[in-house]
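Dear colleague,

I am handing over the structure below, and after it you will find what came out of going through the disulfides and the annotated domain. Please read the notes alongside the coordinates.

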Amino acid sequence: RFKEQTGCPVISLPCRIQNSTHNGRIFPSPVPCNCCETCIENFELEDDCTVGSPGSPIPHGRCGDGLTCASQEDDEHTICQLMSGTNCLKDQESYDTDKDKGTTGHLAQRTLCDADGDYSPIKCIPGQICYCVDTEGRRIFGEALNIRGIEILMKCECSRQESSLGRVLETDMRVPFVRCNEMGSFDQLQCIKDQCLCVDIHSGFPTSDVVNITSQGLQTLPCFNESGYNNDSYHRECEEKKSILVQTLYNRARIGLYASNDTETYEFCQPDGYYARIQQNDTHKFCSDKFGNRIANYAAILGSPEADTMTCNCARVELLLKEKEAYEIPVCCSNGNYPKVSCRRGLCFCTDENGNQTSMEVPHEEIKTLDCYSGKNFC
């Protein structure tokens, strides 16, 4: 009624243009019912700005992405300045310094930071994959082949939420409240017991009514896809096994036979409901595909250094690239990890546990000059 009687003001020009020089954020206007929109303009570098305080008027603008409102030395006047001090921004500065010196590797990538100076959701390796990271740059669930436009498809919203929840609860042995897809976004079909609905893969917001699948079946939901779901059950094989194990552990804990922080348990399911990349039996840890099948011969004896440091990151990438018949496949260690030294087209360089290049490349004949070289065993 308010909107019908008074109408809404036209939002300011920057929010209507939304280009590289004129842009802003649109918020609900502070009027009755919040039914109108208001624009907060994004200021540019060295534009005047205000820090604000309780009771201050609503600002008409804010410093844009990567900028912060602060005063300069010996001057109380505040202007928009470049953010500094976060780990992500320090990584960018380090990369820029190396690039100016001509000491960046040909596959090294500049770290991407978000508007707050934290790490952007994905990190990519040329010719291989992109994977999800949290705001502090730590690798979390979610990966996909590095293809054109991947940053539009892959935003890792679900994976970041699941990772944060895991750190708060401080245990892996729990039944997840939400299911992600393989790229770290929300699975478009979500269920709690027999109540299911469709959601937007990026926001997680509902896009359909709730359906009781016991009486109606999953196929009645508009987002149901036979290639990704079983009409008889929402839960995947790994989720079923984990649910049984978690219930067993809880029952034992109630009678004092199990501690919730028992270190003998491990997370064997991914947030997408499939098997995690590291599985184990009575004698070995081994690298697994999402269906629980061993990848090649990548394994290590339980309790060995190779098992304790196992990531299987390289093994999973090898599997992805072979499925797509890629021309260049990484060479992995026997436990499925990336080696400390990798070579490509006659050039060798240092790599981290995720396969990122961390040094300048040198000809194969000069491999011993690399800081990460420690003999013929690169693992």
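**Disulfides and domain spans**

At 0% relative accessibility, Cys130 counts as buried, since the cut-off for that term is under 20% relative accessible area. Please bear in mind that this is a predicted model, and that the values below are computed from it.

The partner of Cys130 is Cys124, and the two form a disulfide with their sulfur atoms 2.0 Å apart. The angle about the S-S bond is 105°, and the link of Cys124 and Cys130 is right-handed. Cys124 is buried as well, because its relative accessible area of 19% falls under the 20% limit.

The structure holds 16 disulfides, and two others are described here. One of them is formed by Cys15 and Cys39, whose sulfur atoms lie 2.0 Å apart; with 80° about the S-S bond, this link is right-handed. The pair connects distant parts of the chain, as Cys15 belongs to helix 2 (residues 13–17) and Cys39 to strand 2 (residues 37–43), with their positions 24 residues apart in the numbering. Both Cys15 and Cys39 are buried.

The other disulfide joins Cys63 to Cys80, with an S to S distance of 2.1 Å. This disulfide is left-handed because the torsion about the S-S bond of Cys63 and Cys80 is about -90°. Here too the link is between distant parts of the chain: Cys63 sits in strand 3 (residues 61–63) and Cys80 in strand 5 (residues 78–82), and the two cysteines are 17 residues apart. Cys63 has a relative accessible area of 8% and is therefore buried, and Cys80, with a relative accessible area of 1%, is buried too.

Turning to the annotation, the unreviewed UniProt entry places the feature "domain: Thyroglobulin type-1" at residues 85–158 and 309–372. In the model, residues 85–158 are 28% helix and 20% strand, and the end C-alpha atoms of this span lie 27 Å apart. For residues 309–372, the chain is 17% helix and 16% strand, while the distance between the end C-alpha atoms is 17 Å.

With best regards

Note on methods
Residues numbered from 1 in each chain as written. Predicted model: local features only at pLDDT ≥ 70, side-chain atom pairs only at ≥ 80, totals over all residues. Heavy atoms only, no water. Disulfide = S-S within 2.5 Å. Helix = DSSP H or I, 4+ residues; strand = E, 2+ residues; numbered from the N terminus. Buried < 20%, exposed > 50% of the residue type's maximum accessible area, 1.4 Å probe, protein only. UniProt positions renumbered as here; feature names shortened; annotations may be inferred.
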